[in-house]
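Work through these exercises with the structure open. Each one has a task and a worked solution.

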Amino acid sequence: MKDTAKHQGLRNQLVKQLQEKGIKDKNVLDAIGKIPRHLFLNSSFEDYAYQDKAFPIDAGQTISQPYTVGFQTELLEVKKGNKILEIGTGSGYQTAVLCTLGAVVYTIERQNELFKKTSLLLPKLGIRPKHISFGDGYKGLPNYAPFDGIIVTAGAPEIPKALMSQLKIGGKLVIPVGDEVQVMTLIIRKGETEFVKHEFGDFRFVPLLENKN
Ligand code: SAH
């Protein structure tokens, strides 16, 4: 697995594009500038890895568009040491961004193929989430709750109540909500039963699927 000066050059250009599209958080931009996105894709897509686009990964899923990763991560306002739960590990690229920001990351994936592949890939790249879990992210990870932040990287038909209940007071949930098109939604927990909601424009994700059992 190689990361060359050419890849670094393409990454610098990608960071510039994301800045032009409105991503401001310097730590987020720096993380995207460091992470070898081409190593998270199947080799047939390697040449395109630094385009600001989503690409197919295994199991019919996608690696999110870098702008979307930047946008969601910026909304989460991650601070070093924050405990963050990610729903939808997928390729592990978003996981890598969170780890690079110094978060203590818990991540869940429901496709076994991706769970296995990404669990092997991340340590090879020196990226160490605290916990990678195979299962249904709709339920969150009650045993490890509460979290400073929860990020959902698949489109949710509705906001899972379990995720809201696993936020610390002051914690943030970033979740795309909708069926065909999703509205990026930020929920902040203000108190035991008090939540405020902010909405930010339309995005498109693969669906968050619930295990009915
Ligand atoms: N963060 C990923 C995005 C992958 S796409 C990346 O950067 O590559 C969304 C992922 O969410 C898919 O891998 C899909 O299998 C997963 N997913 C969908 N529903 C889920 C659920 N209920 N629990 C856990 N993961 C889920």
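A pocket here is an open set of grid points where a 1.4 Å probe fits, with protein on both sides within 12 Å along at least five of seven lines. Its volume is the space filled by probe spheres set on the points. The model is predicted.

**Exercise 1.** Describe the largest pocket: its volume, its lining and what takes up its space.

*Solution.*
Step 1. Start with volume: the largest pocket holds about 540 Å³ of space.
Step 2. Turn to the lining, which has 36 residues. Nearest the centre are Q61, T62, T153, A154 and V206.
Step 3. Sort the lining by class: 16 residues are nonpolar, 15 polar and 5 charged.
Step 4. Look for the element with the largest share: α3 gives 3 residues.
Step 5. Find the occupant: the ligand takes this space.

**Exercise 2.** Find the residues around the ligand and its polar contacts.

*Solution.*
Step 1. The shell has 27 residues, and S91, E109, D136, G137 and L209 are the closest.
Step 2. Check ligand nitrogen atoms against a cut-off of 3.5 Å between N or O atoms. The side chain of E86 offers an N or O atom at 3.2 Å. A polar backbone atom of R110 lies at 3.4 Å. For G137, a backbone N or O atom is 2.7 Å away.
Step 3. Now the cover: protein hides 99% of the 580 Å² of accessible area that the ligand has on its own.

**Exercise 3.** Describe the second largest pocket.

*Solution.*
Step 1. Its space is about 280 Å³.
Step 2. Its lining counts 17 residues, with L39, F40, L41, K117 and L121 closest to the centre.
Step 3. By class, that lining has 8 nonpolar, 5 polar and 4 charged residues.

Notes
Residues numbered from 1 in each chain as written. Predicted model: local features only at pLDDT ≥ 70, side-chain atom pairs only at ≥ 80, totals over all residues. Heavy atoms only, no water. Near = heavy atom within 4 Å. Polar contact = N/O pair within 3.5 Å; in protein donor to acceptor, adjacent residues only side chain to side chain. Areas by Shrake-Rupley, 256 points an atom, 1.4 Å probe, with all protein chains shown as cover. 1 Å grid on protein atoms, 1.4 Å probe; cavity = no way out; pocket = protein on both sides within 12 Å on 5 of 7 lines; lining within 4 Å. Sits in = over half its atoms within 2 Å of the grid points. Helix = DSSP H or I, 4+ residues; strand = E, 2+ residues; numbered from the N terminus. Nonpolar A, V, L, I, M, F, W, Y, C, P; charged D, E, K, R; others polar.
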